[in-house]
Structures are given as structure tokens and as C-alpha cells.
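Colleague: I've got the model open and want to know what stands behind the labels people put on it. Can we go through them one at a time?

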Amino acid sequence: MSENVMKIERKTAETDISLSFSLYGAGRHEIDTGCGFLDHMLTLFTVHGGFDLSVKCAGDVKVDYHHSAEDIGICLGDAFGRALGDCRGIARYGDITLPMDETLVLAAADVSGRGVLAFDLGELCEKVGDFDTELVKEFFTAFVRRSGVTLHIKAFYGENTHHKIEAAFKATARALAKAAAKDGTDKIPSSKGVI
């Protein structure tokens, strides 16, 4: 893991999570969420964002993956927000329109201090493997609430549910990396003087 590592520990009656995150990393990852599909998505998120991420989650997966997905979103949001600090010298905004085979997804991020999610991937199959696809929105909702990022994710079109979700994670990572990129100034990117 690189320097400036944010370490988050979260233990509840439903999950026990240990997470380390570096905003300006190299795509290094060690991910074990207890859910293969979520591991895959977080690996893509890390690589395409150029972050470093280590996650270990022991969750109540005998119930389902809901608590694990939501609580990992909480932890990652906490880490991302802490890594940004006062947001001095960052671009603030980032967006990308990302193709994934037949799918096209837009992600746009504003490091605004206001955690808002606008989410539309269109119609999804109920499951990918044993992962409930409605948990994608739960994950991103938890992430934005804790990070203070406004995030828009929109599928323009697509047929394959896996592709749509994969494009959403990749596009979000790219948009967040752009928003967090250093702009060469020492300014807080807001007319208010604070994010």
C-alpha cells in the first residue's frame, strides 16, 4: 500500500470490516468481501481509479450480501472522504462516458460535501451469480453519504446486467480519480472557500 493510507475498522452485529485505502495509489488490491462478484467489482474500481485498496469483510452472508455491500460502501466512503481532507488543490469535478461491450454508462462526480446519488442503470436481472443486483445502488448510496460526493450514474443503454454494473464501477472510479486529481493550485475549489 502507498503512503497516506486511510485505515477504517467497522464492527457491528452484522459485519466485521477492515479496510485500507490510498487515493493516489497504483491499483494495488487485496479484496475479500465474502462475495465473489463484489470482489470483482471492487478490484475493477481499484484498478481503474488508480487507487490502492485492501478490504477484509466477515459478514452475515448466510442471510444475504446486503449488510456486507452497504457496510463496505460506508467504510470506503469514510476512507475516500478522509483522504480528500479539506479538498485543497483538487479538480473537484470528474466525469466519463464509458463503454463496456454493448453497454454505455456515464458517471459524473462532484466532491461537493453533499452526498447525493442519482442512479439509473435501467432494467437489471435480479441476480448476477448469487449477488442481488439491487445492492449496487445500496453500495453507492452508502459510499456517497459517507464521502460527501455527489455522484450520477446513468446507463444510456445496455443489455447484459453484468456489463452494466461493471461499467458503473469502472466509470465511477475514473470519475472519482478525475475529481480528486491535483490541479496544481493550493486553492479550495469552491467560491465559499470551503467544501
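Modeller: Sure, let's start with a helix packed on strands: helix α1 (residues 36–49) lies across β3 and β4, running at about 160° to β3. Before going on, this is a predicted model, so local features need pLDDT of at least 70 and side-chain atom pairs count only at pLDDT 80 or more, while totals for chains, interfaces and linings use all residues. Residues are numbered from 1 along each chain as its sequence is written, and side-chain values use heavy atoms, with hydrogens and water left out.

Colleague: What makes α1 a helix and β3 a strand, and where does the angle to β3 come from?

Modeller: Both are DSSP runs numbered from the N terminus: H or I over at least four residues for a helix, E over at least two for a strand. For the angle, axes are lines fitted to C-alpha atoms (for helices, over the stretch in contact), and it runs from 0 to 180 degrees between N-to-C directions. Helix α2 (residues 66–84) gets the same treatment: α2 lies across β1, β2 (15–22) and β4, at about 30° to β2.

Colleague: What makes β3 and β4 a pair?

Modeller: Two strands pair if DSSP finds at least two bridges between them. β3 and strand β4 (residues 52–59) have four, in the parallel sense, so they pass that test. Take H29: its bridge partner in β4 is L53.

Colleague: Which order do the strands take in the open sheet, and why are some of them said to stand at the edges?

Modeller: The order of the four strands is β1-β2-β4-β3, with mixed pairing. β1 (6–11) and β3 (29–32) each have a single partner strand, so one side of each has no neighbour in the sheet. From one strand to the next, the twist averages 5°.

Colleague: Why is V105 called buried?

Modeller: Buried means under 20% relative accessible area, exposed means over 50%, and partly exposed is in between (1.4 Å probe, protein chains only). V105, in strand β6 (residues 103–111), has 0%, so it is buried.

Colleague: What is V105 in contact with, once its neighbours within four places in sequence are left aside?

Modeller: Its contacts (heavy atoms within 4.5 Å) include I96, L121, I153 and A167. With A167, the C-alpha atoms are 6.1 Å apart in space, although the two are 62 residues apart in sequence.

Colleague: How do you know how far helix α4 should reach?

Modeller: The expected span is 1.5 Å times one less than the number of residues. Helix α4 (residues 161–180) has 20 residues and reaches 29 Å from first C-alpha to last, close to the expected 28 Å.

Colleague: And why is α4 described as largely enclosed by the rest of the structure?

Modeller: Because 16 of its 20 residues are buried.

Colleague: What makes D71 and R10 a salt bridge?

Modeller: The rule asks for a side-chain nitrogen of Lys or Arg within 4 Å of a carboxyl oxygen of Asp or Glu. D71 and R10 have their closest N and O atoms 3.5 Å apart, so they qualify. The pair links distant parts of the chain, with D71 in helix α2 and R10 in strand β1, 61 residues apart. D71 is buried at 4% relative accessibility, whereas R10 is partly exposed at 24%. By this rule, the count comes to ten salt bridges.

Colleague: Where do E166 and K170 lie?

Modeller: Both are in helix α4, four residues apart, about one turn of the helix. An α-helix has 3.6 residues a turn, so residues three or four places apart point the same way. E166 and K170 form a salt bridge, with the closest N and O atoms 2.9 Å apart, and both residues are buried.

Colleague: Last one: D101 and R92, buried or exposed?

Modeller: D101, in the loop between β5 and β6, is at 61%, so it counts as exposed. R92, in the loop between α2 and β5 (93–100), has 9% and is therefore buried. Each has a positive phi in a residue other than glycine: near 55° for D101 and near 80° for R92.
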